[in-house]
Amino acid sequence: MPNELKLLCTHSVKQMEGRSCCWDAWVEEALAKLHSLKLLRSLRPIHVSAPDPSITTAAPTQQTDDLEVFDEMQPRDRLSVEVDVAVPTIRSWLLDIPSCGEEAIWEDGAVSREKAGCSQHFKKLILFSGNDYLGLSSHPTVGKAAAKAAQEHGMGPRGSALVCGYTNYHRRLEFSLAELKKKEDCLLCPTGFAANMAVMVAIGNISRLLSAGSQPLNEEKVAIFSDALNHASIIDGIHLAEKQHGVEVFVYRHCDMSHLDEMLSTCSMKKRVVVTDSLFSMDGDFAPMLELARLRKRHGYLLVIDDAHGTFVCGENGGGVAEAFNCEGDVDICVGTLSKAAGCHGGFVACSKRWKQLILSRGRSFIYSTAAPVPFVAAAHAAVIVARKETWRRREIWKRVKDFQILTGIPIASPIISLVAGTEEKALEASRFVNLSFGTCWGRGFTSLQLDRPRFLPTLAGYASPSLQYTQQMI
């Protein structure tokens, strides 16, 4: 290599190294800023252990080769709420020391308790911070469905649903969810976040597809009316639709129907959509479904709800918040998740066949994501069946809500308990206190939605009933 070329290459390498060093410094500075704002998040590894073989399970009340149904709680229902956490992890947790999860050490495919600390250096905690409301993540029917599918098909075809990832398993689950939501059809998505993103972007595409020019005029756009406390996935989906110049956004005060009515009355745009969480994840309150249905009849808007926390939890059949308020026919599009009360993973959109066709054709987060693996889908289908048959699980969780009210005097409306702490420091202090004093992991000590109203956010589940003996003391 000529000397001139060597010098040029050396100079280029030094330039790249210099730029890399700059980026390291910029990232370090950004992390320091996040830390000062108390926005630096951490991964706290939980050790999932095998069930005690000495614990027996009652015989199921209904059993086939693929299905076991029980009529009461079993000891294994507590597997997803009683967890082991290494003492070093708890220590860094309580001291709010940032972590990327490095405390969990694996050797030969198993957790190394010797390196993480011997067995007596693990502490058992009771979770009050998960979304597995019905305890289905540890149900034998759900686990066996996933295992059987994995043994027979592996992970299934790996690709986008539009290429090769959509199977008969996916179609079967879509059919059962459409039936649950009383909708014509359903579209599976990789996550609930992806489902909301796909819906919002598809809605925004309507104005672009129907515009006379290359970009829609203001009166051709879609007017989206969004609750101020909607989930981040709805907000991000709307922002992406905005970037594509398809929508105008109007944010109404949280659950304020007078404000929404006023905004709708003064809006001259013909294409109007109202989108809201059905059960809000930060305040634990319900959207005013009956008033939304009434306003829908008056103003003729499309009603979209995110029923992530209501699906399987609310309604006689677990159909969600709309079923509980007897207004399923007034909801045009229902977004849901399989990652909460179903105890599995994934998201879905229950809607008409027309809307399904549009969303799968224009929803980018659906189009460009690999479809859910077959074992995930098989497990979710089993969860749908169990959730509908074991109705006592819904009764148990709402009994826990009443028990909490009686024990504490706090008038909560759902299994999501929102305790406004006043400041970020007080919320984190409360979380640390109950973790240290009672051996529980009790909710989240912050919120990214309203930094002016930090919350302490525990959640209840029907299978965690014995843990409520601590509740009054904690509060």
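**Exercise 1.** In which helix does tryptophan 26 lie? Determine also whether tryptophan 26 counts as buried, partly exposed or exposed, and which residues form a nonpolar patch on the surface.

*Solution.* The model is a predicted one, and the first step is to place the residue: tryptophan 26 belongs to helix H1, which covers residues 3–36. The second step is to consider its relative accessibility, which is 46%; because buried means under 20% and exposed means over 50%, tryptophan 26 counts as partly exposed. The third step turns to the surroundings, where Trp26 joins Trp23, Val27, Leu31 and Leu34 in a nonpolar patch on the surface, whose accessible area together is about 510 Å².

**Exercise 2.** Work out how the buried residues of H8 are arranged around its axis, and which elements they pack against.

*Solution.* Begin with the helix itself: H8 runs over residues 232–243, and its 12 residues reach 16 Å from the first C-alpha to the last, close to the 16 Å expected at 1.5 Å a residue. Next, list its buried residues, which are Ser233, Ile234, Gly237, Ile238 and Ala241. Viewed down the axis of H8, these buried residues fall within an arc of 135 degrees, so they line one face of the helix. Their packing partners are helix H7 (192–210) together with strands E8 (222–227), E9 (247–252), E10 (271–277) and E11 (302–306).

**Exercise 3.** Describe the chain as a whole, starting with how many helices and strands it has.

*Solution.* The chain has 17 helices and 16 strands, and 51% of its 475 residues count as buried. Its accessible surface comes to about 22,900 Å², of which 56% belongs to carbon and sulfur atoms.

Notes: Residues numbered from 1 in each chain as written. Predicted model: local features only at pLDDT ≥ 70, side-chain atom pairs only at ≥ 80, totals over all residues. Heavy atoms only, no water. Patch = residues over 30% accessible without salt bridge, like charges linked within 9 Å, V, L, I, M, F, W, Y side chains within 5 Å. Areas by Shrake-Rupley, 256 points an atom, 1.4 Å probe, with all protein chains shown as cover. Salt bridge = Lys/Arg side-chain N within 4 Å of Asp/Glu carboxyl O. Helix = DSSP H or I, 4+ residues; strand = E, 2+ residues; numbered from the N terminus. Buried < 20%, exposed > 50% of the residue type's maximum accessible area, 1.4 Å probe, protein only. Expected span 1.5 Å × (residues − 1). Arc of directions from axis to C-beta. Contact = heavy atoms within 4.5 Å.
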